[in-house]
Each structure stands twice: as C-alpha cells, then as structure tokens.
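Biologist: Please show me how to read a model for enclosed space, for its nonpolar core and for unusual backbone angles.

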Amino acid sequence: QVQLVESGGGLVQAGGSLRLSCAASVSIFSLNAMGWYRQGAGKQRELVASLTRGGSTNYAESVKGRFTISRDNAKNTVYLQMNSLKPEDTAVYYCSAEYWSGGSYNTHWGQGTQVTVSS
C-alpha cells in the first residue's frame, strides 16, 4: 500500500515562498501520476498541480507562473515550490498518488499540511 508523508507547510507572509515535500513509500515510477491538491475552509478540494510518470505537468490557472511541481526519483519525493504566495492560497495541501491496481486507477492521499498566508 502506498504511504505518503507530507512536510513543509507553515505560516508565511504574502509574497513569500514555501516548498512542500511528499515522500512516497514506493518508487514513484510505479505510480501513474502524483499531484498536489488543496482545500480551503468551506471550499471543495481542488487540483493545484500534477506530474505524470512521463513528466507531463498540469497546473491550476490560479497558480500558473507561481508554483512548480517537481520530483526527485532517487528520494521518491515530489515537491511543490510555491512562490509569490497570496492569502487566497491559504488551505490544507494534500499530496496524491494515482496507481493502477485491481483493474482500475486508484488514488491515495497524504494526511495534509496546512499552508497559511497572511496579508
């Protein structure tokens, strides 16, 4: 079973930067894709960025040009570099891993890490 451990959240002022990390318990090459989602208070969970096994990336319009998703294959870790943070980026950020099992795609989630951006 895939286990995901996130780290790197915290409190930062608007305009600042944070880097989130997500360490997987399996080789990330065994996963179809990994991603970062976020859920603000009273809001639905939304995709922030994703990275496929082949290296394709996808970003939410609201973070394009500010956030970058990347990976370290040797460490089985995916990162989310967040620059020029805004108060509206405040949310719990979740790492996700998509993998093929039992004839279908499955998604596993990390426990979440809080990001708070003060104005």
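Modeller: The model is predicted, and the turns below take up these topics one by one.

Biologist: How many cavities of 30 Å³ or more does a search of the whole structure find?

Modeller: The general idea is that rolling a probe the size of a water molecule over the atoms shows where empty space is left. Here the search finds one cavity of 30 Å³ or more, with a volume of about 50 Å³.

Biologist: Which residues line the largest cavity?

Modeller: The lining consists of Ile28, Leu31, Asn32, Ala33, Met34, Leu51, Thr52, Arg53, Arg71 and Val78. Strand 4 (33-39) and strand 5 (46-52) are the elements that give two or more residues to this lining. By class, the lining has six nonpolar, two polar and two charged residues.

Biologist: Which residues have the most contacts inside the largest nonpolar core?

Modeller: They are Met34, Trp36, Leu80, Met82 and Tyr93, in a core of 30 residues. Strand 9 gives the most to this core, with five residues. Leaving aside residues up to four places away in sequence, Tyr93 touches Leu20, Trp36, Val48, Phe67, Leu80, Met82 and Val115, among others.

Biologist: What is the phi of Asn76, and what is that of Ser84?

Modeller: Most residues other than glycine have a negative phi. Asn76 has a positive phi of about 50 degrees, and Ser84 has a positive phi near 50 degrees. Asn76 lies in the loop between strand 7 and strand 8, while Ser84 lies in the loop between strand 8 and strand 9.

Biologist: Why does Ser84 count as partly exposed?

Modeller: Because its relative accessibility is 41%, and partly exposed runs between the 20% and 50% cut-offs.

Terms used: Residues numbered from 1 in each chain as written. Predicted model: local features only at pLDDT ≥ 70, side-chain atom pairs only at ≥ 80, totals over all residues. Heavy atoms only, no water. 1 Å grid on protein atoms, 1.4 Å probe; cavity = no way out; pocket = protein on both sides within 12 Å on 5 of 7 lines; lining within 4 Å. Points joined across faces, edges and corners; volume = space filled by probe spheres on them. Helix = DSSP H or I, 4+ residues; strand = E, 2+ residues; numbered from the N terminus. Nonpolar A, V, L, I, M, F, W, Y, C, P; charged D, E, K, R; others polar. Core = buried A, V, L, I, M, F, W, Y, C linked by side-chain atoms within 4.5 Å. Buried < 20%, exposed > 50% of the residue type's maximum accessible area, 1.4 Å probe, protein only. Contact = heavy atoms within 4.5 Å.
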